[in-house]
Amino acid sequence: MSHSPRDDTLRRARPTLLVDVQASGATPAKGHVSNIAWWPFDLDGRIDAESKASLVALPEGATLPRRVRSLTGITASMLADAPARDTVRAQLEAARAKHEAVFVAHYAMYERRFLNDWFGEPLEIVCTHEI
């Protein structure tokens, strides 16, 4: 069985914050987060009651491409009353800090781009696809 440095992150017995991002484009340069969800897991693998899913308002003038609307079912009208990016980012950061958690995503290459953009720094994100 192969061993990767990413495996060590999970082996250090830290709580995890499973995160899933939906966006209006493939990268922060081409789109914006439109929906994000996270689920905190404790060291025994139990899901925390503080799981969260939120639509995220697009910046003024940004649009949701037809293909994204078709794939996600999210519409511009759904995003009209959604919380702003900074509000949702602060909630996510609070969850990460409370649990002292490492982010985990299934295909982290995608989430990493947007989360690094949101937080303005490279984040530790374990990719279950790579493990």
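A residue counts as buried when its relative accessible area is under 20% and as exposed when that area is over 50%. Keep those two cut-offs in mind for the views below, which all come from a predicted model.

**Figure 1. Here is the whole protein, with its 5 helices and 5 strands.** Start at the N terminus and walk along the chain: the order of elements is α-β-β-β-α-α-α-β-α-β. The radius of gyration is 15 Å, close to the 14 Å that the globule rule gives for 131 residues, so the protein is as compact as a globular protein of that length. Its C-alpha trace spans about 45 × 30 × 25 Å along the principal axes. Of the 131 residues, 36% are buried. If you take the contacts with a separation of 6 or more, 54% of them join residues 24 or more positions apart. On the outside, the protein exposes about 7,700 Å², and carbon and sulfur atoms supply 52% of that area. As for charge, there are 16 positive and 17 negative ones, and their mean positions are 6 Å apart.

**Figure 2. Phenylalanine 103 and phenylalanine 119 bring their rings together.** To describe a pair of aromatic rings, you give the distance of the centres and the angle of the planes. The protein has 2 aromatic pairs. In this one, the ring centres are 6.2 Å apart and the planes sit at 50°; an angle like that is neither under 30 degrees nor over 60, so the pair is called tilted. Where in the chain do phenylalanine 103 and phenylalanine 119 come from? Phenylalanine 103 belongs to strand S4 (residues 102-105) and phenylalanine 119 to helix H5 (residues 108-119), so to speak two distant parts of the chain, 16 residues apart, linked by the pair. Both of these phenylalanines are buried.

**Figure 3. Tyrosine 110 and phenylalanine 114 make another tilted aromatic pair.** This time the rings are 5.2 Å apart, centre to centre, with 55° between the planes. Both residues are in helix H5, and because they are 4 residues apart there, about one helical turn separates them. Is phenylalanine 114 buried or exposed? Its relative accessibility is 2%, so phenylalanine 114 counts as buried.

**Figure 4. Arginine 96 sits in helix H4.** You can check this one against the cut-off yourself: arginine 96 has 19% relative accessibility, which is under 20%, so it counts as buried. Which residues does arginine 96 touch, leaving out those up to four places away in sequence? The answer is Leu17, Ala101, Phe103, Phe119 and Leu123. Take a look at leucine 17 in particular: it is 79 residues from arginine 96 in sequence, yet the two C-alpha atoms are 6.9 Å apart in space. Phe103 and Phe119, also on that list of neighbours, are the ring pair from Figure 2.

**Figure 5. Glutamate 100 lies in the loop between helix H4 (85-99) and S4.** Check its backbone: glutamate 100 has a positive phi of about 45°, although it is not a glycine. Is glutamate 100 buried or exposed? With 59% relative accessibility, glutamate 100 counts as exposed.

**Figure 6. Serine 54 has its place in strand S3 (residues 52-55).** The relative accessible area of serine 54 is 7%, so this residue is buried. Not counting residues up to four places away in sequence, serine 54 touches Ser34, Asn35, Ile36, Pro83 and Val88.

Technical notes:
Residues numbered from 1 in each chain as written. Predicted model: local features only at pLDDT ≥ 70, side-chain atom pairs only at ≥ 80, totals over all residues. Heavy atoms only, no water. Rg over C-alpha atoms; globule rule 2.2 N^0.38 Å. Buried < 20%, exposed > 50% of the residue type's maximum accessible area, 1.4 Å probe, protein only. Contact = heavy atoms within 4.5 Å. Areas by Shrake-Rupley, 256 points an atom, 1.4 Å probe, with all protein chains shown as cover. Lys, Arg positive; Asp, Glu negative; His and termini not counted. Charge placed at Lys NZ, Arg CZ, Asp CG, Glu CD. Phe/Tyr/Trp six-rings, centres within 6.5 Å; stacked < 30°, edge-to-face > 60°.
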